[in-house]
Amino acid sequence: AVNEVYESVFTKLWRESCGDYLNFGMFTDECKTLTEANDHMVDWIIKELNITKESSLLDIGCGRGKYTVEIAKKTGCSFKGIDIVEEFVATGNKLAREEGLSEQGDFVVGNMLALAGTLEERRFSHVMALGCLFYVHDKMAEFLKNLIPHCDEEAVLLIHDFSRNAPLEEVSDVMKHWRTTADTLETEDYLQIVKSSGFDVELHSDDTHMGLKSCQWVVDVAARITDDTNTFTFWVLRDALEARRILHNTVIARLEPSTAS
């Protein structure tokens, strides 16, 4: 019953924060809301990753599928979204149907550490992992190894994720907030795992200032809908971002030709 209450309020929290998006956005001076910041991120992704009608997009940890649906709608690309939460997958497919995109792709239940069981031999030109990999920081190398067979030669990988800028004991409260048992990686260790897995890091941007603004938005919404600050602890993440104990990163990496299998 407690979990049902948590999930109900958590769903309401994110919907009131940014609709069907389920991630921190990219704030600019023109963005007045977290939804607008996420809309801006969609446009940024299309431009920076050069996604076109010929592209094939894999969204790992896709949430409700909003990013992929918007990208597919604007570019005409094909897509596949994977998430472990059945409710999110159902919402993604509903959004795709409503936008007339069912012929371009779909969303399925799957495990990011067991992609072959879901994707079989399918490959993609572009891969996104937005706000989901902190659950598997202890298995990052395994995740990337399992991803590579599903990448086209020189496929582009976009990661939005957190890293730590302090000793583990100083971010344990954040890991508790995330409900993860995986130790959060330091930034340099994180990037080294990406590189050693066969990807060339073309961009690493410390976007903690935007992550902080997004997190503050969620904190403010949470304060309006619940007084349970012991369960809904986005303020813990907000404080860690503000103190830069936790960093928010954007990484664009390209699979090295010699790595593609």
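**Aromatic rings, cores and the largest pocket**

Reader: How does tyrosine 135 count: buried, partly exposed or exposed?
Author: In this predicted model, tyrosine 135 has a relative accessible area of 42%. Buried requires under 20% and exposed over 50%. The 42% of tyrosine 135 lies in between, so tyrosine 135 counts as partly exposed.

Reader: How many aromatic pairs are there, and what is the geometry of phenylalanine 24 with phenylalanine 162?
Author: The count comes to nine aromatic pairs. In the pair of phenylalanine 24 and phenylalanine 162, the ring centres are 6.0 Å apart and the planes stand at 90°. Planes over 60 degrees apart fall in one class, so this pair is edge-to-face.

Reader: How many residues apart are phenylalanine 24 and phenylalanine 162?
Author: Phenylalanine 24 sits in the loop between H1 and H2, whereas phenylalanine 162 belongs to strand S5 (residues 151-164). The pair therefore links distant parts of the chain. Phenylalanine 24 is buried at 4% relative accessible area, and phenylalanine 162 is buried at 5%. Their separation in the chain is 138 residues.

Reader: What kind of pair do phenylalanine 134 and tyrosine 135 form?
Author: Phenylalanine 134 is buried, at 6% relative accessible area, while tyrosine 135 is partly exposed. Their rings lie 4.5 Å apart, centre to centre, with 35° between the planes. An angle under 30 degrees would count as stacked and one over 60 as edge-to-face. The pair is tilted.

Reader: Which residues form one aromatic cluster?
Author: Phenylalanine 24 and phenylalanine 162 belong to the cluster, and so do phenylalanine 134 and tyrosine 135. The full membership is Trp14, Phe24, Phe134, Tyr135, Phe162, Trp178 and Phe234.

Reader: What is the volume of the largest pocket, and which residues lie closest to its centre?
Author: The largest pocket holds about 1100 Å³ of space. Its lining counts 49 residues. The closest to the centre are Phe10, Phe88, Gly131, Phe134 and Tyr135.

Reader: Which element gives the most residues to the lining of the largest pocket?
Author: The lining residues divide into 25 nonpolar, 14 polar and 10 charged. With five residues, the element that gives the most to this lining is H1.

Reader: Which helix gives the most to the largest nonpolar core?
Author: The largest nonpolar core has 56 residues, and Ile45, Ile71, Leu237 and Ile246 touch the most other members. One helix supplies eight residues to this core, and that is H2 (residues 34-49).

Reader: Which residues of H10 does isoleucine 246 touch?
Author: Buried residues in H10 are Phe234, Val236, Leu237, Arg238, Ala240 and Leu241. Beyond four places in sequence, the contacts of isoleucine 246 include Phe162, Val174 and Trp178. From the buried residues of H10, isoleucine 246 touches Leu237, Ala240 and Leu241.

Reader: How does tryptophan 235 count, buried or partly exposed, and which residues beyond four places in sequence are in contact with tryptophan 235?
Author: Tryptophan 235 is found in helix H10. Its relative accessibility is 36%, so tryptophan 235 counts as partly exposed. Glutamine 216, 19 residues away in sequence, is 7.6 Å from tryptophan 235, C-alpha to C-alpha. The residues in contact with tryptophan 235, leaving aside neighbours within four places, are Val219 and Thr229.

Terms used:
Residues numbered from 1 in each chain as written. Predicted model: local features only at pLDDT ≥ 70, side-chain atom pairs only at ≥ 80, totals over all residues. Heavy atoms only, no water. Core = buried A, V, L, I, M, F, W, Y, C linked by side-chain atoms within 4.5 Å. Buried < 20%, exposed > 50% of the residue type's maximum accessible area, 1.4 Å probe, protein only. Helix = DSSP H or I, 4+ residues; strand = E, 2+ residues; numbered from the N terminus. Contact = heavy atoms within 4.5 Å. 1 Å grid on protein atoms, 1.4 Å probe; cavity = no way out; pocket = protein on both sides within 12 Å on 5 of 7 lines; lining within 4 Å. Points joined across faces, edges and corners; volume = space filled by probe spheres on them. Nonpolar A, V, L, I, M, F, W, Y, C, P; charged D, E, K, R; others polar. Phe/Tyr/Trp six-rings, centres within 6.5 Å; stacked < 30°, edge-to-face > 60°.
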